[in-house]
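Biologist: I have a model open and a list of terms I half understand. Can we go through them one by one?

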Amino acid sequence: MTPDALAALHARCFTMPRPWSAAEFAALLTSKGVFVQSTAAGFALGREIAGESELLTLAVDPALQRQGHGRRLLTAFEAESRKRGATEALLEVAATNTGARNLYESAGYRESGRRALYYTPPQGEKIDAILMCKTLI
């Protein structure tokens, strides 16, 4: 997927945190260790550094959600992470994003910490970020 396509899909999926721009995706894609796994339904953007892989964002077209696409993208992220030498995967998710939290928990991720009041939604009170991790070996 091109940076423009990544940004367009990200904008359809997220209002909080704010959607990333095509320029931000383009810059990330040139960064060391960054990789993208994509399908027609969505993408997972990750970064592997020193044996750890971070899921930077995962987006599935809203019209195609709850059909297993997110799980397949998460599995592809983990496989690519292992291929690159990662032994642990990390991510953060909004405490209010129960769909994503359920996906990650069912895939074996466990809560490893919190960032209090990390996300600022367009309206309303700030939301905690939940840090999650999973051993990949």
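Modeller: Start with Glu-92, which is partly exposed at 24% relative accessibility.

Biologist: Why is Glu-92 called partly exposed?

Modeller: Buried means under 20% relative accessible area, exposed means over 50%, and partly exposed is in between (1.4 Å probe, protein chains only). Glu-92 has 24%, so the middle label applies.

Biologist: What kind of model is this, and how are residues counted?

Modeller: This is a predicted model: local features need pLDDT of at least 70, side-chain atom pairs count only at pLDDT 80 or more, and totals for chains, interfaces and linings use all residues. Residues are numbered from 1 along each chain as its sequence is written, and side-chain values use heavy atoms, with hydrogens and water left out.

Biologist: What makes the contact of Arg-115 and Glu-92 a salt bridge?

Modeller: A salt bridge is a side-chain nitrogen of Lys or Arg within 4 Å of a carboxyl oxygen of Asp or Glu. Here the N to O distance is 2.2 Å, so the pair qualifies. Side chains of opposite charge can pair when their charged atoms come close.

Biologist: And is Arg-115 buried or exposed?

Modeller: Neither label fits: Arg-115 has 34% relative accessibility, so it counts as partly exposed.

Biologist: Which parts of the chain do Arg-115 and Glu-92 tie together?

Modeller: Arg-115 lies in strand E5 (residues 110–119) and Glu-92 in strand E4 (residues 88–94), so the pair links parts 23 residues apart in sequence. Helices (H or I, at least four residues) and strands (E, at least two) are DSSP runs, numbered from the N terminus.

Biologist: How many salt bridges does the structure hold?

Modeller: There are eight. One of them joins Arg-12 and Asp-61, with the closest N and O atoms 3.3 Å apart. Arg-12 sits in helix H1 (residues 3–13), and Asp-61 sits in the loop between strand E3 (52–60) and helix H3 (69–83), so parts 49 residues apart in sequence are tied together.

Biologist: Why do Arg-12 and Asp-61 get their burial labels?

Modeller: Asp-61 has a relative accessible area of 19%, under the 20% limit, so it is buried. Arg-12 has 49%, which is not over 50%, so it is partly exposed.

Biologist: What makes Glu-111 part of a network?

Modeller: Glu-111 forms a salt bridge with Arg-114, the closest N and O atoms being 3.2 Å apart. Salt bridges with shared partners join Glu-111, Arg-114 and Asp-128 into one network. Glu-111 is partly exposed at 42%, and Arg-114 is partly exposed at 43%.

Biologist: How do you know that E4 and E6 pair?

Modeller: Two strands pair if DSSP finds at least two bridges between them. E4 and strand E6 (residues 127–135) have seven, so they pair, in the antiparallel sense. Within this region, Glu-88 stands opposite Thr-135 in E6.

Biologist: In what order do the strands of the sheet run?

Modeller: Six strands form an open sheet, ordered E1-E2-E3-E4-E6-E5, with mixed pairing.

Biologist: Why are E1 and E5 called edge strands?

Modeller: Strand E1 (34–38) and E5 each pair on one side only.

Biologist: Where does the name N-acetyltransferase come from?

Modeller: It comes from a UniProt domain annotation, in an unreviewed entry, covering residues 1–137. Such annotations may be inferred rather than shown by experiment; positions use the numbering here, and feature names are shortened.
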